[in-house]
Amino acid sequence: MKLRDSGMPDEAYWATLFDTELILDRLEIDATVQDVAELGCGYGTFSIPVAKRISGRLLTYDIDPEMVSRTSARAREAGLENVLCLVRDVFADGFDVDDASHDACLLFNILHCEEPARLLTEAARVVRPGGYVLAIHWRCDVETPRGPSLDIRPQPERIVSWARDTSLLKHDGLILDLPPWHYGLRIQRI
Ligand SMILES: C[S@@+](CC[C@H](N)C(=O)[O-])C[C@H]1O[C@@H](n2cnc3c(N)ncnc32)[C@H](O)[C@@H]1O
């Protein structure tokens, strides 16, 4: 099932809405990070720069075949050999990987979905103890040019509370400012 409110504007406009490198810096995505899994590659806005930074493989999924072709094409054009991009309904079928097999799992602009706590449990499953579920989302405290409607847009504290309820994840209380429109959370796998 496609997550609610997960349609995308055109690619060039979407790219203007983020300072991608700053976001990845603040989330501490660098060569010390090995394998990473991602739900919802979209246009590859984050997938491509993440794959360039990490020392392992980026496994990324999208339910929309056009998004998968676009991200795969961008990975090829960039000469990246560490990107595996597949069509999959992660919400229904989960990540097709072993427990604790990844250093990090990315949920970027995703957690306004139905059943976010179930999704966080599945993300936690794929991350090794000490690894991270990394989430970014649209701020709720300012007007933003895009993003899901405010009645389903989660505040950071809400995501932290869902994460704690999984009993698999812990958060140190730090809410990252990802200007201009986003916040971020590094949520650790226990
Ligand atoms: C709001 S976009 C975010 C894309 C990317 N994470 C980013 O921030 O640029 C959400 C993406 O999730 C994908 N998606 C929605 N439901 C999904 C599902 N059940 N399984 C996998 N991908 C899904 C959509 O097709 C879309 O590309």
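**Entry 1: the ligand.** I started with Asn109, where an N or O atom of the side chain is 2.8 Å from an oxygen atom of the ligand. That fits a polar contact (a pair of N or O atoms within 3.5 Å). With the protein around it, 99% of the ligand's own 600 Å² of accessible area is covered; such areas come from the Shrake-Rupley method with a 1.4 Å probe.

A note to self: this is a predicted model, where local features need pLDDT of at least 70 and side-chain atom pairs count only at pLDDT 80 or more, while totals for chains, interfaces and linings use all residues. Residues are numbered from 1 along each chain as its sequence is written, and side-chain values use heavy atoms, with hydrogens and water left out.

Next I looked up two other ligand contacts. Trp14 has a polar side-chain atom 2.8 Å from an oxygen atom of the ligand. Leu3 uses its backbone instead: an N or O atom there lies 2.9 Å from a nitrogen atom of the ligand.

Which residues come nearest to the ligand? I found Met1, Trp14, Gly40, Asp62 and Asn109, out of 23 around the ligand (near means a heavy atom within 4 Å). By class, the shell has 13 nonpolar, five polar and five charged residues; Gly counts as polar here, and Asp, Glu, Lys and Arg as charged.

**Entry 2: the largest pocket.** Where does the ligand sit? I found it in the largest pocket, meaning more than half of its atoms lie within 2 Å of the grid points. A pocket is an open set of points on a 1 Å grid over the protein atoms alone, where a 1.4 Å probe fits, with protein on both sides within 12 Å along at least five of seven lines; lining residues have an atom within 4 Å of a point.

I noted a volume of about 530 Å³ for the largest pocket. Its lining has 33 residues, with Ser6, Met8, Gly40, Asn109 and Ile110 nearest the centre. Strand E1 (36–39), helix H5 (90–93) and strand E5 (127–138) each give two or more residues to that lining. DSSP runs define helices (H or I, at least four residues) and strands (E, at least two).

**Entry 3: the second largest pocket.** This one has a volume of about 150 Å³. Its lining includes Arg139, Cys140, His182 and Tyr183.

**Entry 4: backbone oddities.** I checked the peptide bond from Pro179 to Pro180 and it is cis, with omega near 5°. Pro180 is in the loop between strand E7 (176–178) and E8. Asp5 has a positive phi, near 55°, and is found in the segment before helix H1 (11–15). Most residues other than glycine have a negative phi, and most peptide bonds are trans.

Terms used: A polar contact is a pair of N or O atoms within 3.5 Å; within protein, one must be able to donate a hydrogen and the other to accept it, and residues adjacent in sequence count only if both atoms are side-chain atoms. Grid points are joined across faces, edges and corners, and a volume is the space filled by probe spheres set on the points.
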